[in-house]
Amino acid sequence: HILFHYQLDKNHFSSLISHHQANKTKDQVLSLLIMSTAGHFIRCLAAVAWEAGKPLVMEEVEVAPPQKHEVRIKVHFTSLCHTDVCFWEAKGQTPLFPRILGHEAGGVVESVGEGVTDLQSGDHVLTIFTGECGNCRHCHSEESNMCDLLRINTDRGGMIHDGESRFSSNGKPIHHFLGTSTFSEFTVVHSGQVAKINPEAPLDKVCILSCGLSTGLGATLNVAKPKRGQSVAVYGLGAVGLAAAEGARISGAGRIIGVDLNPNRFEEAKKFGVTDFVNPREHDKPVQQVIIEMTDGGVDRSVECTGSVQAMIQAFECVHEGWGVAVLVGVPRQDDAFRTHPMNFLNERTLKGSFFGNYKPKTDIPGVVEKYMNKELDLDKFITHTVPFSKINEAFDYMSKGECIRCIIDMGA
Ligand code: NAD
Ligand code: ZN
């Protein structure tokens, strides 16, 4: 088969680009060149996880052309999320190696496979870890984003179409991750997991909307739905919780109470409009009691973004009777059980859960990008670090040390 060697051809591409500069923009020439790779294997760099907890290894891989309902994407920027770290450490997860991790990314479609009608080469896109097939009961329901076909699957290492991997290294297949595998210069993704966005949107910023940010933001905007002036408690001030706080700010919440066990989170959270802080460790009373006293009866809304079942119970029990709504976002441990007195429901408190902020990936995420474009949503404050692709392991260090909210990995640097 014909093989395009991205690293070698890049220089050749650059000279062609300067040659063409007179009458074509760089983007136009690049897209012409990229189109010529359609239907062929591409050899490019990927960061491969060979073993649990061992640094990723930068190496050349071959990326097969996209098959039925798939697209091949040139990844421009990707960011690191806790889920990548969890599956890299593989503690409590089915270990699947070698694997190309990564799921939050912005890129440009290089080519599309058979049956793809809504995307074409040159489209600017975000990859999403959970999909929207458009045909199942969930996709037909206005209320759900839990697609039957493309709902998140952490154990799958191949593509849905044939169960095979599109990545190989010296003929040996490398597993996919969440159907996205964005720690590679090129990746192949099911078209149902690709959101087409405004081509003007800066991919180095909006790539973080692929997962954690949209999850927290949507939990507040789509599910908790605070009214202007209302109080909102956010449990857990990691990336997801801070995005939930950003949702509360956008909603015009009067008071945003951040709850976290780590006092270092509070300074950061001020930038996100968090007005009050509660550290459960600094109180003798249960947190729900502290918040009820602070707010004369309870908060109007609460959003739990910790994964701790205690925090989930506290988040529910601290909302005001009569109208309070609590939304659970954190992923609990396998053997956790939620215990509360049923009277808390009879007193007209509502408990809800949310997956990916209740956003339908293809239908709704382009609109979230527009919120950033029209300056309603601020993303820049979430980006604390940037590293070139060659230093991707540093991003894992920042994340493990709890030093960053989001680290952008620049594939072109
Ligand atoms: P993170 O680890 O960066 O932040 C969690 C924060 O919660 C930390 O600051 C920690 O100190 C705090 N915390 C832990 N236990 C607490 C407690 N009992 N009380 C108060 N604070 C506590 O994590 P993140 O990336 O922001 O993700 C948050 C949660 O959201 C995780 O459970 C993650 O798995 C989940 N998540 C859910 C979805 C979804 O669709 N539902 C999507 C992405 C992530
Ligand atoms: Zn579906």
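**Reading a predicted zinc-binding model**

Student: Where is proline 98 found?
Tutor: Proline 98 is found in the loop between α3 (82-89) and β5 (104-112). The structure is a predicted model. A cis peptide bond joins phenylalanine 97 to proline 98, and its omega is about -10°.

Student: What makes the cysteines around the zinc ion (ligand 2) its donors?
Tutor: Donors must be N, O or S atoms within 2.8 Å of this metal. The SG atoms of Cys133, Cys136, Cys139 and Cys147 lie 2.3 to 2.4 Å from the zinc ion (ligand 2). These values fall within the cut-off, and therefore the four sulfur atoms count as donors.

Student: Why is the site of the zinc ion (ligand 2) called tetrahedral?
Tutor: Four donors are given that name if all angles lie between 85 and 135 degrees. Among the four donor atoms here the angles are 103 to 119°, so the condition is met. For reference, the ideal angle for four tetrahedral donors is 109.5 degrees.

Student: How are the donor residues of the zinc ion (ligand 2) spaced in sequence?
Tutor: Their spacing follows the pattern C-x2-C-x2-C-x7-C.

Student: Why is cysteine 133 called partly exposed, and is cysteine 136 buried or exposed?
Tutor: Buried means under 20% relative accessible area and exposed means over 50%, with partly exposed in between. Cysteine 133 has 22% relative accessibility and therefore counts as partly exposed. Cysteine 136, at 11%, is under the 20% limit and so is buried.

Student: How many disulfides does the model contain, and how do you know that cysteine 404 is in none?
Tutor: A disulfide requires two cysteine sulfur atoms within 2.5 Å, and by that rule the count is zero. For cysteine 207, the nearest cysteine sulfur belongs to cysteine 407, 10 Å away. For cysteine 404, the nearest is again that of cysteine 407, at 5.6 Å. Neither distance is within 2.5 Å, so cysteine 207 and cysteine 404 are in no disulfide.

Student: Why do cysteine 207 and cysteine 404 count as buried?
Tutor: Cysteine 207 has 0% relative accessibility and cysteine 404 has 11%. Both values are under 20%, so both residues are buried.

Student: What makes a group of residues a nonpolar core, and how many residues has the largest one?
Tutor: The term requires buried residues of nonpolar types, cysteine and tyrosine included, joined through side-chain atoms within 4.5 Å. The largest such core has 91 residues, and those with the most contacts inside it are Leu56, Phe183, Val206, Leu209 and Ile409. Helix α7 (residues 239-250) gives the most to this core, with seven residues. Valine 206 touches Leu126, Ile197, Ala201, Val369, Tyr372 and Leu379, when residues up to four places away in sequence are not counted. A second, separate core has 15 residues, among them Val299, Phe316, Cys318 and Val319.

Student: How do you know that strand β11 (residues 231-235) pairs with β12?
Tutor: Pairing requires at least two bridges. Five bridges join β11 to β12, so the criterion is satisfied, and the two run parallel. Within this pairing, valine 234 has glycine 258 in β12 as its bridge partner. Strand β12 (residues 255-259) is mostly covered, since four of its five residues are buried.

Student: How many bridges does β2 form with strand β1 (residues 3-5), and how many with strand β3 (residues 57-63)?
Tutor: β1 and β2 pair in the parallel sense over three bridges, with phenylalanine 4 facing isoleucine 42 as bridge partner. Seven bridges join β2 to β3, and these two run antiparallel. Leucine 45 stands opposite glutamate 60 in β3.

Student: Why is threonine 37 called buried?
Tutor: Threonine 37 has 5% relative accessibility, which is under 20%, so it counts as buried. Threonine 37 occupies the loop between α2 (26-35) and β2 (41-48). Beyond its neighbours within four places in sequence, threonine 37 is in contact with Phe4, Ile42, Arg72 and Glu110.

Student: Is valine 329 buried or exposed?
Tutor: Valine 329 has a relative accessible area of 12%, under the 20% limit, and is therefore buried. Its place is in the loop between β15 (325-328) and α11 (343-346). Outside four places in sequence, the contacts of valine 329 are Thr215, Ala219, Val240, Val303, Glu304, Cys305 and Ser354.

Student: Why is asparagine 170 called exposed?
Tutor: Its relative accessible area is 83%, which is over 50%, so asparagine 170 is exposed. Asparagine 170 lies in the loop between β7 (167-169) and β8 (172-174). Although not a glycine, asparagine 170 has a positive phi of about 50°.

Conventions
Residues are numbered from 1 along each chain as its sequence is written. Chains are lettered from A and ligands numbered from 1 in the order in which they are written. This is a predicted model: local features need pLDDT of at least 70, side-chain atom pairs count only at pLDDT 80 or more; totals for chains, interfaces and linings use all residues. Side-chain values use heavy atoms; hydrogens and water are left out. Donors are N, O and S atoms within 2.8 Å of the metal (3.2 Å for Na, K and Ca); water is not among the atoms, so sites may look incomplete. Four donors count as tetrahedral if all angles lie between 85 and 135 degrees; four count as square planar and six as octahedral if opposite donors are over 155 degrees apart and all others between 65 and 115; anything else is irregular. Buried means under 20% relative accessible area, exposed over 50%, partly exposed in between (1.4 Å probe, protein chains only). Contact means heavy atoms within 4.5 Å.
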